[in-house]
Amino acid sequence: MTSDNRHVAPWHSRWILLHRGIHRETIIGWLFVLPALIMYVLFVLQPLVLTIHYSFYKWNGVGPKTWVGLKNYVTIFQVPDLIGTIFNAFWLVVWFSFIPVGLGLVVASVMHRVASRRFGSIARTVLFLPQVIALVAAGIIWGWLLSLPGLINQILKAVGLGTITRAWLGDFDWALPAVGLIGIWVLLGFCTVLLLTGITKVDPSLYESARIDGADWFREFVTITVPLLRYEIGVCLTVTVIAALAAFDIVYVSTAGGPGNSTAVPGIQIYILAFTQRAIGLASALAVMLMILVVVVILPIQWLSRENKI
Amino acid sequence: MRVARAELWTGRAFILALMAITILPFISIFITALHPSGTVPRGLEWPADPQWGNFVEAFKVAEMPTLLLSSTFIVLAVVPVSLVISTMAGFAIGLLRIPGSRVLLFLFVFGLTLPFSGIIIPIYFLERAMGIYNTRLAIVLPLIALYMPFAVFWMRAHFVNMPTEISEAARVDGATTWDLFWRIHVPLARAPIASLGILMSIWTWNQFLLALVLVEDPTQRTMAGALGAYQGHYATDIPLLCAGTILILVPTLVIFILFQRQIITALLQGSVKG
């Protein structure tokens, strides 16, 4: 009996001590997370839930809200100008994403083959420049370059293509590609430099042996660079696709969605609906669709690029 | 290197051409800014009489000192707070691995792909109700929150890779959780904290949508937000618009040239981890 007591007592007290310790640790740990969590809940999760909530109502922002169920979503699918913003966003993906990533791969592999260390680092800095300036500034600069008296038309005239000059951002057919061009300018350097760091991580002996075998640039590109950079390509695609689908700054300053609705993307349309037309419910429904769209497009890219990667 | 001479030079010419295309827009607006105010200059023509005064004029019109102060204030309000609270959260989730870490991590990561325009509408109404609409706080508070997914994820990625021996040794010496955090792990995390700070400073400086929607007064905005307002007023006077744009770009460009290595590395790491 006595031996029993002696055994139980220390075990018991240690258990309490341990339990209390764990409990205390947990509380302290959660206190560390709390400030970040509170901010996140207040200004991100709460608005997220409210956006979904608003999307089921007809509301002008001041008066009473009227419950309309899924009507706002139906309206978006029915009105060509609204659903058209989603199509425009996908079009923009081609310009903001496919071209910078494809061209970036080519440029990075060329740089890796021909650039000396010094030249390479200067090129890196210069090409990266558009990535650090505000997108608004990029939009303003290109708004001027692509205007009727701007540099692009001057160059076209100089090389004898004077007949095709136009106000590129004011042309129904050309405004979206013109906005896309701004995106290429901003994102190409970022993709190039990111892919270049990927290439330098590839085992140099692979390139060495390819060159000893007399492989030219193209062979090297197809057999080594592209397959081994799967992860970096995935990262580039993720960043640029989000930039395209959620585009706002560049479009707002260069075309504001016009002419007509030819460059209206969801971000712009949400802004116009909510803050100039006061159609809060409809704007919120479009916002919900945009957020779902981004997740639906990004998940497969993430999944494909991380597969087979430890 | 077994690269043929001809290929070497075509390759370099190709890169040089790309660099020229990247730089040309900057040169074009610089030259345009030197033309007489109110005229519509052509392409890359150097003006007969360069109007350096345009920069002075734009400096006055754009209220540059006020704008610089406003932007700096917003950066100084957003970045340190974001750094402290995200480092604490990353520490608890990645290193202390408190119960519920997985759920917390998932919750934050979920916010990574969220476009700002998706949640801007309720933020507008919340801030009107809170009475902070049209103040700098209207940009500062949501911006801190919007950085949390990335910042917590970034700091957690650092802490989760720290060897546990360091913490155990400190515990044996009787360190409290706060000591462990502040005296041991924060000094060790200096590099990722610095990169995160650089990233968030650039993003804040360049933030446009929040400034546009939540602050009407351009002098209370970020640099990018003010530039948007400036464009609205001077859209017709191209030389002055270009001069103003250059002035607003100068701080960013100077910072980039001074810290190019850190900035490029930070931006690349940021996207790879995120």
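Is Pro142(B) buried or exposed, counting C-beta neighbours inside 10 Å? Pro142(B) counts as buried, because 27 C-beta neighbours fall inside 10 Å, and the cut-off for that class is 20 or more. The structure that holds this residue is a predicted model.

**Confidence of the model**

The scores of the model are ipTM 0.89 and pTM 0.88. For chain B the average pLDDT is 88, and 98% of the residues score at least 70.

**The surroundings of Pro142(B)**

Pro142(B) is part of helix H6 of chain B, which comprises residues 137–159. When neighbours within four places in sequence are left aside, Pro142(B) is in contact with Ile123(B) and Leu210(B), and also with Phe43(A). Glu127(B) is 15 residues from Pro142(B) along the chain, and the C-alpha atoms of the two are separated by 9.6 Å.

**Domains of the two chains**

A domain assignment is available for chain A and for chain B. The bounds and the separation of centres, taken over C-alpha atoms, are set out below.

| Item | Chain A | Chain B |
|---|---|---|
| Domain bounds | domain 1 (2–54), domain 2 (75–306) | domain 1 (5–57), domain 2 (63–273) |
| Separation of domain centres | 45 Å | 33 Å |

In chain B, 15 residues of domain 1 are in contact with 9 residues of domain 2. On the side of domain 1 of chain B that touches domain 2 of chain B, helix H1 (5–33) and helix H2 (53–61) of chain B each supply at least two residues. H1(B) provides the largest share of that side, with 4 residues. By class, the residues of this side of domain 1 of chain B comprise 7 nonpolar, 7 polar and 1 charged.

**Contact between the chains**

Between the chains, 76 residues of chain B are in contact with 76 residues of chain A. H1(B) again appears here: with 14 residues, H1(B) gives the most to the side of chain B that touches chain A. That side of chain B has 54 nonpolar residues, together with 18 polar and 4 charged residues. The contact of Pro142(B) with Phe43(A) joins a residue of chain B to a residue of chain A.

**An enclosed helix in chain A**

Helix H5 of chain A spans residues 135–145, and 11 of its 11 residues are buried, so this helix is largely enclosed by the rest of the structure. Among the buried residues of H5(A) are Trp142(A) and Trp144(A), as well as Gly139(A) and Gly143(A). Leu135(A) and Leu145(A) are buried too.

**Backbone features in loops**

Most residues other than glycine have a negative phi, and most peptide bonds are trans. Several sites in this model depart from that pattern.

The peptide bond from Gly258(A) to Pro259(A) is cis, with omega near -5 degrees. Pro259(A) is located in the loop between helix H11 (249–254) and helix H12 (266–275) of chain A.

Arg278(A), which is not a glycine, has a positive phi of about 60 degrees. This arginine, Arg278(A), is placed in the loop between H12 and helix H13 (280–306) of chain A. Arg278(A) counts as partly exposed because it has 14 C-beta neighbours inside 10 Å.

In chain B, Arg97(B) has a positive phi near 45 degrees, in a residue other than glycine. The loop between helix H3 (64–96) and helix H4 (101–110) of chain B contains Arg97(B). With 14 C-beta neighbours inside 10 Å, Arg97(B) is therefore classed as partly exposed.

Terms used. Residues are numbered from 1 along each chain as its sequence is written. Chains are lettered from A and ligands numbered from 1 in the order in which they are written. This is a predicted model: local features need pLDDT of at least 70, side-chain atom pairs count only at pLDDT 80 or more; totals for chains, interfaces and linings use all residues. Domain bounds come from an automatic or database domain assignment. Two residues are in contact if their C-beta atoms, placed from the backbone, lie within 7 Å. Ala, Val, Leu, Ile, Met, Phe, Trp, Tyr, Cys and Pro count as nonpolar, Asp, Glu, Lys and Arg as charged, and the others, Gly among them, as polar. A residue is buried if 20 or more other C-beta atoms lie within 10 Å of its own, exposed if 12 or fewer, and partly exposed in between; C-beta atoms are placed from the backbone. pLDDT is the predictor's confidence in each residue, from 0 to 100.
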